[in-house]
Structure formats: C-alpha cells, structure tokens
Amino acid sequence: MDRLKNLSRPHSFEKWSELSIGSIISSSLEIVRFDPRFVDIRIVTDEAEEIPVITAQGDQLVQVLINLLLNGADAILGGGAITVKTSVDRELDEITVEIIDTGCGIPEEKLDQVFEPFFTTKGEEKGTGLGLYVCQCIIQHHGGRMHVKSEPGRGTNVTLRLPIAGKPEAAILEPKAG
C-alpha cells in the first residue's frame, strides 16, 4: 500500500511557475494528435478569452490532460468528438477545464468508483485502473478539484477546477529549503 501512496504523489522536477492553461492544453493536444486512436476523432477546443494564469507544474497538468484525452478516445467507438473547453469563475477565483467526449459513457452505478485505485471500465487488457486516481491526486496537489459526469450512450464530461495564480488558497507549493 505504501508503494501505491508513493505512486499517487505527484513527482516532478519542474519548478512551480505561473502558466497559461491554454499552453498546457496545446502541449497535450500536440502529443496525442499522432496517436492512432484519434484517426476518426475530431478534437474541438473552446477556450474562453482572458483566462488568468495558474500556479502549476506544467508537466504534471499535461500528464493529466493526456490521460483524459486518451480515456475519451478509448470510449469513442467508430468516430466522434472530444471537446476541451475552458472558462473562468471570478467569484471562486478558479479556472475550469472540461474534457467532453461523445463516447460510450459510464454507468451511473460505477461513477462513484472511478477515482478508486485499480478500478477500470476498460477491462484488464486495456487499463490498470490508476489513470483517474493519479489524475485526481495531481489536481488535488495543485489545490484543485476533479469531477466526472457521464451518461451511458451519450459520453463523459470530466471537469477540472484549478485556483487562479496568486490566490492564498492556490497550489500547494514546494517547501522552501531550510
């Protein structure tokens, strides 16, 4: 169990810095666009204007987005679309990133389990069941939240909410050397 806890702790050599979520999305899309799963999948971006920067380890958030994009691609059979949408909630001082797919969806009775380690809807040959668990740990490490809504036959919407940079509740920064 200790090994699983270590896996879930985000490890990165990249320093925390103020980053644009748009650049993180672009980097993620650039990486997955050559994956054969995306041949018949249309990727749509719907990025709001004037999204504030966030304090983050960019490589960690790219890892999260890649995992969510690949999950969406795995859920789409015979063509479909994945939309990556951003918005800002000034009242909560957060940005929102939604990854919305037109895939097969997740049955309601399984939604409560999606963040549990080793739970997968893909079957043993296609997944380890650690992807969403690790993604949630990374998002929490960044002071954010992650939520999944899904309807069988209609697709899945994964929502990431991350604090705007410079806010007191913002990301958990690495400790200063003493």
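# Notebook: salt bridges, strand S7 and its neighbours

**Entry 1. A network of charges.** I started with the charged side chains, and found that Asp-89, Glu-94, Arg-145 and Arg-161 are linked in a network of salt bridges. A note to myself before going on: this is a predicted model.

I took the pairs one by one. Arg-145 and Glu-94 join their side chains in a salt bridge, with N and O 2.4 Å apart. Arg-145 lies in strand S6 and Glu-94 in strand S5, so this pair ties together parts that are 51 residues apart in sequence. Are these two residues buried or exposed? I looked up both: Arg-145 is partly exposed, with a relative accessible area of 43%, while Glu-94 counts as buried at 8%.

Next came Asp-89 and Arg-161, whose side chains meet in a salt bridge at 3.3 Å, N to O. Here Asp-89 belongs to strand S4 and Arg-161 to strand S7, so the pair ties together parts that are 72 residues apart in sequence. Asp-89 is partly exposed, with a relative accessible area of 24%.

How many salt bridges does a search of the whole structure find? The search gives six. One of them that I looked up joins Glu-30 and Arg-33, with their closest N and O atoms 3.1 Å apart. Glu-30 is partly exposed at 44% relative accessible area, and Arg-33 counts as partly exposed at 47%.

**Entry 2. Strand S7.** Arg-161 led me to S7, so I checked how covered this strand is, and nine of its nine residues are buried. I remembered a rule from class: in a regular strand the side chains alternate between the two faces of the sheet. For S7, I wrote down the two sides separately. Gly-155, Asn-157, Thr-159, Arg-161 and Pro-163 are on one side, and Thr-156, Val-158, Leu-160 and Leu-162 are on the other; every one of these is buried.

Which strands pair with S7? I found S5 joined to S7 by eight bridges, running antiparallel. S6 also pairs with S7 in the antiparallel sense, over seven bridges. Within the pairing of S6 and S7, I saw Val-148 standing opposite Val-158. I then followed the chain round the hairpin of S6 and S7, where three residues sit between the strands and Gly-153 takes a positive phi near 80°.

**Entry 3. Thr-156 and Asp-101.** I picked Thr-156, which is in strand S7, for a closer look. Thr-156 counts as buried because its relative accessibility is 11%, and the cut-off for buried is under 20%. The side chain of Thr-156 makes a polar contact of 2.8 Å with the side chain of Ser-150. Leaving out residues up to four places away in sequence, Thr-156 touches several residues, among them Ile-99, Asp-101, Val-148 and Ser-150.

What is the bridge partner of Asp-101 in S7? The partner is Thr-156. Asp-101 itself lies in strand S5 and is buried, with a relative accessible area of 8%. I asked what its side chain reaches, and found the backbone nitrogen of Gly-103 at 2.8 Å. Asp-101 also touches residues beyond four places away in sequence, including Gly-72, Ala-75, Ile-82 and Arg-154. One more distance went into my notes: Asp-101 and Ile-43 are 58 residues apart in sequence, yet 9.3 Å apart in space, C-alpha to C-alpha.

**Entry 4. The nonpolar core.** Another rule from class: in soluble globular proteins, nonpolar side chains tend to be buried together. Which residues of the largest nonpolar core touch the most other members? Of its 43 residues, I found Met-146 and Leu-160 in that role. Several elements each supply at least two residues to this core, including helix H2, helix H5, S4, S5, S6 and S7. Helix H3 gives the most, with nine residues. I also listed some contacts of Leu-160 outside four places in sequence, and they include Val-64, Leu-68, Ile-95, Ile-139 and Met-146.

**Entry 5. A loop residue to finish.** For a change from buried strands, I looked up Arg-90, which is found in the loop between strand S4 and strand S5. Arg-90 counts as exposed, because its relative accessibility is 51% and the cut-off is over 50%. What does Arg-90 touch beyond four places away in sequence? I found Glu-50 and Pro-52. A polar atom of the Arg-90 side chain lies 3.2 Å from the backbone oxygen of Glu-50. Pro-52 is 38 residues from Arg-90 in sequence, and their C-alpha atoms are 9.6 Å apart.

Definitions and conventions: Residues numbered from 1 in each chain as written. Predicted model: local features only at pLDDT ≥ 70, side-chain atom pairs only at ≥ 80, totals over all residues. Heavy atoms only, no water. Helix = DSSP H or I, 4+ residues; strand = E, 2+ residues; numbered from the N terminus. Buried < 20%, exposed > 50% of the residue type's maximum accessible area, 1.4 Å probe, protein only. Polar contact = N/O pair within 3.5 Å; in protein donor to acceptor, adjacent residues only side chain to side chain. Contact = heavy atoms within 4.5 Å. Core = buried A, V, L, I, M, F, W, Y, C linked by side-chain atoms within 4.5 Å. Pairing = 2+ DSSP bridges. Salt bridge = Lys/Arg side-chain N within 4 Å of Asp/Glu carboxyl O.
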